[in-house]
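Let's take a walk through a protein structure together. Keep the picture open while you read, and try to find each residue as it comes up.

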Amino acid sequence: MRIGELAERAGVSTRSLRYYEQHGLLTARRGPNGYREYAEEDVRLVSEIRALLAVGFTLEDTRPFVDCLRAGHSSGGVCRESVLVYRRKLAEIDDEIRVLLARRAEVAAQLAESCPGCFVRGEK
């Protein structure tokens with residue numbers, strides 16, 4: 001299939017596909033006319049990349065998942081390298097949560113000091 005069809009089926013722009021190709025995550029073959037041609041499995045690769053990017057992974061983080069799919073696995077997350085990326089990302093998210101909770105506690109303390117009775121626990 002050509003780049004436009006892949007873009008439509010995967011729900012991305014052709015520019016994104018070229019970007020993924022530039023970073024070695026997607027490989028286009030060239031037809032006799034020089035147009036990029038993609039295989040059916042490329043739809044799954046692009047979908048995997050998009051899903052990971054949507055939850056905060058970097059483009060480089062997606063590489064082990066793409067490699068896992070290319071190796072013939074039904075899911076990009078079943079390979080050891082992918083699991084390591086999942087674990088690292090969870091640790092990063094846990095760190096971000098700790099930082100946000102500490103900031104929230106500090107802001108709540110400042111509010112309680114500045115305006116006694118203004119802060120109600122759990123209030124948004």
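We will look at how helices pack, then at two buried residues, and finally at the disulfides. Before we start, please keep in mind that this is a predicted model.

Start with a way of talking about helices. When two helices pack together, their arrangement is described by the angle between the axes and by the distance between those axes.

Find helix H1, which covers residues 3-10, and helix H2, which covers residues 14-22. Their axes are 9 Å apart, and the packing angle is about 105°. Angles of 65 to 115 degrees count as roughly perpendicular, so H1 and H2 are roughly perpendicular to each other. Which residues of H1 and H2 meet? On the H1 side they are Ile-3, Gly-4, Leu-6 and Ala-7, and on the H2 side they are Thr-14, Leu-17 and Arg-18. Sorted by class, the residues of this contact of H1 with H2 are four nonpolar, two polar and one charged.

H1 also packs with H3, with axes 9 Å apart and an angle of about 50°. That angle makes H1 oblique to H3. The crossing of H1 and H3 is right-handed. From H1, the contact is made by Leu-6, Arg-9 and Ala-10, while H3 brings Asp-42, Val-43, Val-46 and Arg-50. In the contact of H1 with H3, four residues are nonpolar, none is polar and three are charged. If Leu-6 sounds familiar, you have already seen it in the contact with H2, and here it appears in the contact with H3.

Now follow H3, residues 41-54, to its packing with H4. Here the angle is about 155° and the axes are 10 Å apart. Angles over 145 degrees count as roughly antiparallel, and H3 and H4 are therefore roughly antiparallel to each other. The crossing of H3 and H4 is right-handed. Arg-44, Leu-45, Glu-48, Ile-49 and Leu-52 of H3 meet Phe-65, Val-66, Leu-69 and Arg-70 of H4. By class, this contact of H3 with H4 has six nonpolar residues, no polar ones and three charged ones.

Let's pause at one residue of that contact. Is Glu-48 buried or exposed? Glu-48 sits in helix H3, and its relative accessible area is 9%. Buried means under 20%, so Glu-48 is buried. Leaving out residues up to four places away in sequence, Glu-48 touches Phe-65, Leu-69, Gly-76 and Gly-77.

Those two glycines lead us to another residue. Ser-82 lies in helix H5, which spans residues 80-114. With a relative accessibility of 0%, Ser-82 counts as buried. What does Ser-82 touch, not counting residues up to four places away in sequence? Its contacts are Pro-64, Phe-65, Cys-68, Gly-76 and Gly-77. Gly-76 and Gly-77 are thus contacts of Glu-48 and also of Ser-82.

Cys-68 brings us to the disulfides. How many disulfides does the structure hold? There are two. One of them joins Cys-68 to Cys-79, with an S to S distance of 2.1 Å. This pair links distant parts of the chain, 11 residues apart: Cys-68 is in helix H4, residues 63-70, and Cys-79 is in the loop between H4 and H5. The torsion about the S-S bond of Cys-68 and Cys-79 is about 80°, which makes the disulfide right-handed. Cys-68, at 1% relative accessibility, counts as buried. Cys-79 is buried too, with a relative accessible area of 14%.

Cys-115 and Cys-118 also form a disulfide, with their sulfur atoms 1.5 Å apart. Cys-115 counts as partly exposed, at 25% relative accessibility. Cys-118 is partly exposed as well, with a relative accessible area of 34%. If you number the bonded cysteines in sequence order, the pairing reads 1-2, 3-4.

End your walk at Cys-118, which is in the segment after H5. From there, look across to Glu-37: these two residues are 81 residues apart in sequence, and their C-alpha atoms are 62 Å apart in space.

Note on methods
Residues numbered from 1 in each chain as written. Predicted model: local features only at pLDDT ≥ 70, side-chain atom pairs only at ≥ 80, totals over all residues. Heavy atoms only, no water. Axes fitted to C-alpha atoms, helices over the stretch in contact; angles between N-to-C directions. Helix = DSSP H or I, 4+ residues; strand = E, 2+ residues; numbered from the N terminus. Parallel < 35°, antiparallel > 145°, perpendicular 65-115°, else oblique. Contact = heavy atoms within 4.5 Å. Nonpolar A, V, L, I, M, F, W, Y, C, P; charged D, E, K, R; others polar. Buried < 20%, exposed > 50% of the residue type's maximum accessible area, 1.4 Å probe, protein only. Disulfide = S-S within 2.5 Å. Left-handed = near helix turned anticlockwise from the far one by under 90°.
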